[in-house]
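Reader: Hi! Could you walk me through a bit of this one?
Author: Happy to, take a look first.
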Amino acid sequence: MTETEKKQDFLEQDELARLVVSRVEDYVRDLDGAEGLPIHGMIVAAVERPLFRWAMDKAGQNQKLAAKILGINRNTLHKKLREQGFWNAS
């Protein structure tokens, strides 16, 4: 990866981080001081579901290829798809 590609990758990750933080701050502000909510789990689930759908669509519903695209183990993807009630998760 060239320095230009590394810089672009960093900027894209930074942009995503800013978006996540902004949305979390909006969400917490809307809670009006409530504490102890499972924010981490809610965010992970909210991000994973569309990410897995995108990867599965990109891979033509092939879990092995989708896992490779995501950089995770196929068994991990299979487990998460099953937990979230996705299609073709058996």
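Author: A quick term to begin with: contact means heavy atoms within 4.5 Å. This is a predicted model, where local features need pLDDT of at least 70, side-chain atom pairs count only at pLDDT 80 or more, and totals for chains, interfaces and linings use all residues. Residues are numbered from 1 along each chain as its sequence is written, and side-chain values use heavy atoms, with hydrogens and water left out.
Reader: Cool. Which residues in α3 meet which ones in α4?
Author: From α3, Q63, K64, A66, A67 and L70 meet R74, L77, H78 and L81 of α4. Helices here are DSSP runs of H or I with at least four residues, numbered from the N terminus.
Reader: And at what angle do α3 and α4 pack?
Author: About 105 degrees, with the axes of α3 (residues 63–70) and α4 (residues 74–83) 8 Å apart. Axes are lines fitted to C-alpha atoms over the stretch in contact, and angles run from 0 to 180 degrees between N-to-C directions.
Reader: Which residues of α3 are buried?
Author: Q63, A66 and A67 are the buried ones; buried means under 20% relative accessible area, exposed over 50% (1.4 Å probe, protein chains only). They pack against α2 (39–58) and α4.
Reader: Which exposed residues does the face turned away carry?
Author: That face of α3 carries K64 and K68.
Reader: New topic: what happens at the start of α3?
Author: There, a side-chain oxygen of N62 reaches to within 2.9 Å of the backbone nitrogen of K64.
Reader: And what follows α3?
Author: G71 does, and its phi is positive, near 75 degrees.

Technical notes: Helix = DSSP H or I, 4+ residues; strand = E, 2+ residues; numbered from the N terminus. Polar contact = N/O pair within 3.5 Å; in protein donor to acceptor, adjacent residues only side chain to side chain.
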